[in-house]
Amino acid sequence: MYPNLYYAFRDLFGVELPKLKIVQTFGFFVALAFLAAAWVLTSELRRREKLGLLQPVDETIIEGKPASVADLLVSAVIGFIIGFKFFGAFGKIGDFREYLLSAQGSLVGGLLVAAGMAYYKYYTKKKKALPTPRQVKVKVWPHQRVPDFTIQAAVAGLIGAKIFHNLENWSEFTADPWGSLFSASGLTFYGGLIVAAYVIIRYAAKKQINWKHLVDSAGPALMLAYAIGRMGCQFSGDGDWGINNSAYITNAAGQIEQVAPAQYQQVMERETEYFSRHFGSIEHVPHKYYPKPAALGFLPDWFVAYNYPHNVVNDGVRLPGCEGEYCSALPVGVFPTPLYEIIVCGAFFLVLMGIRKKVTTPGVIFGIYLILNGLERFFVEKIRVNTKYDIFGFHPTQAELISSLLVIGGAALIWYARKTAPTSKNPA
């Protein structure tokens, strides 16, 4: 595992660059996911614009206006947040998400960047200022609004992810509401997707952007972003893994080793305190006995069971001979569900990109995305650790319920899109 890029460079290239400790692996991949999604979305919107499927909107702007007090304040606030967190991150080698949402940071760094950004806004506005500001009309294309989409998706997605996580873990929320809201330990992807989608579609309607073409363009981008985001989970070991594969344990050398069921039980009894802390007792630990099949003999054992050594959340037992902060590994192998989602969602991204020019009915591509995303998450939930509900004798997780609704919603969207499609179809 690579808690931050320092460990990645040391392991992969044999180079020690201590300054890279400030770049947390999970945060790095989340940023990469947003950039990749923005690039795919922009290119898809441009393609549809060239085909005449999306049109620009005339907007009136004021040229030559000097910076207002509001402009300077907004720039200063954004600069303060960036400087406060960026300079405060130096020397921080813990969980990046926990630090990002905490009150920790550098006051001096925040003030310096705030002043710098406020001055830059003042200088650039003054440079373009006219004796008499004038109103001009400009054409704004949908692809030019991708930065707005990205920022709104990030903010709304974070809020939605926290809300849905706390709904899923209501007892934890009622026990510590403030800590649950401002902790980075709980983020639910589907909550972020639902809230972000609502906010962006409302914004698109306000800006007169055809929502069907917009969501069709976003489908492949979202699938790619999810695959890249799961890379952050896998490579950092952030705790988002599957249930125990009881066919594998961590041996004395800290390596995964295939064992018989009796040896798995011995480990459970030896590490009772650890498992009881996570699951209440060793009798309630979810697991499946799944030795690697002969057909998968070409794959390493960690493909079916991994102990996430040196994980960023320091979960598990102490690794022998390890010194430093990240010296834990899980005592029993777990199914590396982020790895499976990387592979499946990466393949689904290629599928969506491959069919996007052949599917001509607006809205259908996004319906296919919803179905694929829902199916993938529904089945991976079978081997993930999540809170289960009791509904009429069934015990689904929140993700299983939402993924089922996504499949139904995707099918309904395809039906609606085809029903409402214009008679003459342009190529999409």
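Contact here means heavy atoms within 4.5 Å. Keep that in mind as you click through this predicted model.

**Stop 1: serine 236.** Select serine 236, in helix α10. What does it touch, leaving out residues up to four places away in sequence? The neighbours are Met1, Tyr2, Thr25, Phe26, Asn311 and Val312. Serine 236 is buried, with a relative accessible area of 0%. Now show its side chain. It reaches the backbone oxygen of glycine 232 at 2.6 Å.

**Stop 2: two helices.** Colour α10, residues 211-236, and α14, residues 364-380. Their axes come within 7 Å and cross at roughly 25°. Angles under 35 degrees count as roughly parallel, so α10 and α14 are roughly parallel to each other. The crossing is left-handed.

Next, show the side that α10 brings to this contact: Val215, Asp216, Gly219, Pro220, Leu222, Met223, Tyr226 and Arg230. From α14, add Val364, Ile365, Phe366, Tyr369, Leu372, Asn373, Glu376 and Arg377. How do these residues divide by type? There are 10 nonpolar, 2 polar and 4 charged.

**Stop 3: glutamate 341.** Move to helix α13, residues 337-355, and pick glutamate 341. Is glutamate 341 buried or exposed? It is buried, with a relative accessible area of 1%. Its side chain makes a polar contact with the side chain of tyrosine 226, at 2.7 Å. You met Tyr226 at the last stop, on the α10 side of the contact with α14. Glutamate 341 also touches residues including Arg230, Glu376 and Arg377. Those three belong to the α10 and α14 contact too. Finish by adding Gly346 and Val380, which glutamate 341 touches as well.

Definitions and conventions:
Residues numbered from 1 in each chain as written. Predicted model: local features only at pLDDT ≥ 70, side-chain atom pairs only at ≥ 80, totals over all residues. Heavy atoms only, no water. Axes fitted to C-alpha atoms, helices over the stretch in contact; angles between N-to-C directions. Helix = DSSP H or I, 4+ residues; strand = E, 2+ residues; numbered from the N terminus. Parallel < 35°, antiparallel > 145°, perpendicular 65-115°, else oblique. Left-handed = near helix turned anticlockwise from the far one by under 90°. Nonpolar A, V, L, I, M, F, W, Y, C, P; charged D, E, K, R; others polar. Buried < 20%, exposed > 50% of the residue type's maximum accessible area, 1.4 Å probe, protein only. Polar contact = N/O pair within 3.5 Å; in protein donor to acceptor, adjacent residues only side chain to side chain.
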